[in-house]
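Student: I have this one open in the viewer. Take me through it, please.

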Amino acid sequence: MDVSAQAATARAPAKINIYLGVGPRRRDGYHDLATVFHALDVADEVTAERDDKGQLSVEVEAGAGVAVDVESVPLDESNLAVRAAHALRRYAGVECGVRLRIVKRIPVAGGLAGGSADAAAALLACDAVWDTGCGRAELATLGARLGSDVPFALHGGTVLGSGRGERLAPVMSPSRLHWVLGVAAGGLSTPTVYAELDSLRAASVVPPPRVPPALLTALRVGDVDAVGAHLSNDLQPAALRLRPELHEVLAAGQDLGAVGGIVSGSGPTVVFLAADERAARNLSRALVDEQMCVEAVPTSGAATGARLLARAR
Ligand code: C5P
């Protein structure tokens, strides 16, 4: 039975790292991580439309009402959604092409794994259009070759990540957590931030990273204050060195009543934990009033991983 579609749309979430422990640089240039990934309600959508001439193309637009710098998203073969489509096509031996359209709501180069979300959504949408028969585990293996955060973008929820971030294990975290994204102007390059961390640590012996058990307990019992107290990111000193103005943003969030705040992943987005949904809305308004960020986005988690929204035959 041919269940392939003419077009399909998939959505994939932004991520933050509630905890990001970074080990020493490995011989392959990556770093071993001990992290707690957390998927947010902010998500990108990717539509794949069949192209029977075998072409692969991409266009990008900003989601309605969102200030995303879509001009800085590459439209060539370096675009992660395009790379995902190529990888799946090669793997599944498909000849047909696709036209990809990305609707971006996740800030670009913001430390929120927006590119990985686009790759994850592209894998699902292309899979539906080409009817490759690949299972989610196969897509995750393919995704891990595209970027360390792609398996998590497919998985979603709140999970422990290890290896370079591609090895995932479940975490019990039944409560909804409310966050505010403090979006900064411009992006930061992930490899640059890791390199800055290596240079900051050049004279030290770096122990293997480990997620504190007390954080896992706090997540399990839904103790928001304790989660806030354990927010931690080993990349933060490097991101702050590259973008010193983020010190002020972090301090402002604390003064305005955030339960905790950290730089998200490699930055420059700063993420604040709020006591509840109302507190998140109030904090986001206050951050904008104080002109602390380009945009302050209240959101919550944990969101589900990438999923198919629609297909047209
Ligand atoms: O895997 P991904 O392509 O997203 O990684 C981008 C860059 O971030 C890598 O080339 C590497 O410099 C750095 N990185 C790292 N250790 C990780 C993940 C990423 O050093 N665990």
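Tutor: One term to begin with: a crossing is right-handed if the near helix is turned clockwise from the far one by less than a right angle, and left-handed if anticlockwise. Helices (H or I, at least four residues) and strands (E, at least two) are DSSP runs numbered from the N terminus. The model is predicted, so local features need pLDDT of at least 70 and side-chain atom pairs pLDDT 80 or more, while totals for chains, interfaces and linings use all residues. Residues are numbered from 1 along each chain as its sequence is written, and side-chain values use heavy atoms, without hydrogens or water.

Student: Which way does helix 2 pass helix 3, left-handed or right-handed?

Tutor: The crossing of helix 2 (114-130) over helix 3 (136-146) is right-handed. Their axes (lines fitted to C-alpha atoms over the stretch in contact, with angles from 0 to 180 degrees between N-to-C directions) are 10 Å apart and make an angle of about 135°. Helix 2 and helix 3 are therefore oblique to each other; angles under 35 degrees count as roughly parallel, over 145 as roughly antiparallel, 65 to 115 as roughly perpendicular, and the rest as oblique.

Student: Which residues make that contact?

Tutor: Helix 2 supplies A119, L123, L124 and D127, and helix 3 supplies R136, L139, L142, G143 and L146, with contact meaning heavy atoms within 4.5 Å. By type, 6 of the residues are nonpolar, 1 is polar and 2 are charged. Ala, Val, Leu, Ile, Met, Phe, Trp, Tyr, Cys and Pro count as nonpolar, Asp, Glu, Lys and Arg as charged, and the others, including Gly, as polar.

Student: And at what angle do helix 1 and helix 3 cross?

Tutor: Roughly 130°, with the axes of helix 1 (80-92) and helix 3 coming within 10 Å. That makes helix 1 oblique to helix 3. The crossing of helix 1 with helix 3 is right-handed. On the helix 1 side the contact uses L80, R83, A84, A87, L88 and Y91, and these meet E138, L139, L142, R145 and L146 of helix 3. The split is 8 nonpolar, no polar and 3 charged.

Student: New topic. What is the volume of the largest pocket?

Tutor: About 1100 Å³. On a 1 Å grid over the protein atoms alone, a pocket is an open set of points with protein on both sides within 12 Å along at least five of seven lines, a cavity is a set where a 1.4 Å probe fits but cannot get out, and lining residues have an atom within 4 Å of a point. Points are joined across faces, edges and corners, and a volume is the space filled by probe spheres set on them.

Student: How many residues line the largest pocket?

Tutor: There are 44, and L80, S116, D149, T190 and P191 lie nearest the centre. Two or more lining residues come from each of strand 1 (7-25), strand 2 (31-51), helix 1, helix 2 and helix 5 (190-200). Helix 5 gives the most, 5 residues. In total the lining has 19 nonpolar, 17 polar and 8 charged residues.

Student: How many cavities of 30 Å³ or more are there?

Tutor: The search finds 1, and the largest cavity holds about 40 Å³. Its lining is V42, V66, A67, V68, R105, P107, L181, E295 and V297, or 7 nonpolar, no polar and 2 charged.

Student: Which peptide bonds are cis?

Tutor: G267 to P268 is cis, with omega near 5°, and P268 sits in the loop between strand 9 (260-263) and strand 10 (270-274). The bond joining G301 and A302 is also cis, at an omega of about 10°.
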